[in-house]
Amino acid sequence: MTPNQKKALDYLKMFWKRNGHAPSYREMSYSTNIGVSHLYEIMNGLQRKGFIHIDKGKARAIYPMDVWHKLRDHGGAEIEKTQ
């Protein structure tokens, strides 16, 4: 995993934990200081490696694999947020 992939994955997991949903690519770009187009490539690489799941064509549909499995196992129920 590259340093930028780790940074993006860590941010994605943190955002899910705090908000209960995925960030937008623009939010991720701003917070990680990675350009949106480069971030898109990074996230596709993380999906190919099995770290995340992306629902193509849907907004805010980037899931760390642990979240993806929880949502699938619970019929799409929301993930609890932490304060």
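# Working through a predicted model

Asn33 sits in the loop that joins H2 and H3. Keep in mind as you go that this is a predicted model.

## Exercise 1: Asn33 and the end of H2

Work out whether Asn33 is buried or exposed, and what its phi looks like.

*Solution.*
1. Start with the surface. Asn33 has a relative accessibility of 71%, and the cut-off for exposed is over 50%, so Asn33 counts as exposed.
2. Now the backbone. Most residues other than glycine have a negative phi.
3. Asn33 isn't a glycine, yet its phi is positive, at about 60°. This comes just after H2.

## Exercise 2: One face of H2

Find which residues of H2 are buried and say why they line one face of the helix.

*Solution.*
1. Pick out the buried residues of H2: Met28, Ser29 and Thr32.
2. Look down the helix axis. The buried residues of H2 fall within an arc of 100°, so they line one face.
3. The general rule helps here: an α-helix has 3.6 residues a turn, so residues three or four places apart point the same way.
4. Check the other side of H2, where you'll find Arg26 and Tyr30 exposed.
5. Ask what covers the buried residues: H1, helix H3 (36-48) and E2 are among the elements that do.
6. Zoom in on Thr32, which belongs to helix H2 (residues 25-32). Its relative accessible area is 4%, so Thr32 is buried. Setting aside residues up to four places away in sequence, Thr32 touches Lys7, Ala8 and Tyr11.

## Exercise 3: Does the length of H3 add up?

Compare the span expected for H3 with the distance between its end C-alpha atoms, then list its buried residues.

*Solution.*
1. H3 has 13 residues, and at 1.5 Å a residue it should span 18 Å.
2. The end C-alpha atoms of H3 are 18 Å apart, so the two values agree.
3. For the buried set, take Leu39, Ile42, Met43, Asn44, Gly45 and Leu46.
4. Those buried residues of H3 pack against H1, H2, E1 and E2.
5. Just after H3 comes Gly50, with a positive phi of about 90°.

## Exercise 4: The buried side of H4

Say which residues of H4 are buried and what they pack against.

*Solution.*
1. Within helix H4 (residues 65-73), the buried residues include Val67, Trp68 and Leu71.
2. Viewed down the axis of H4, its buried residues fall within an arc of 100°, so they line one face of the helix.
3. Their packing partners are helix H1 (3-19), strand E1 (52-54) and strand E2 (62-64).

## Exercise 5: What is Arg60 up to?

Place Arg60 in the fold and track down the polar partners of its side chain.

*Solution.*
1. Arg60 is in the loop between E1 and E2.
2. Its relative accessible area is 37%, so Arg60 is partly exposed.
3. Arg60 and Ser24 are 36 residues apart along the chain, but their C-alpha atoms are separated by 5.4 Å.
4. Skip the neighbours within four places in sequence, and Arg60 is in contact with Phe15, His21, Ala22, Pro23, Ser24 and Glu27.
5. Two of those contacts deserve a look. The Arg60 side chain reaches the backbone oxygen of Ala22 at 3.0 Å, and it makes a polar contact with the side chain of Glu27 at 2.9 Å.
6. Finish with the backbone: Arg60 isn't a glycine, but it has a positive phi of about 50°.

Terms used:
Residues numbered from 1 in each chain as written. Predicted model: local features only at pLDDT ≥ 70, side-chain atom pairs only at ≥ 80, totals over all residues. Heavy atoms only, no water. Helix = DSSP H or I, 4+ residues; strand = E, 2+ residues; numbered from the N terminus. Buried < 20%, exposed > 50% of the residue type's maximum accessible area, 1.4 Å probe, protein only. Contact = heavy atoms within 4.5 Å. Arc of directions from axis to C-beta. Polar contact = N/O pair within 3.5 Å; in protein donor to acceptor, adjacent residues only side chain to side chain. Expected span 1.5 Å × (residues − 1).
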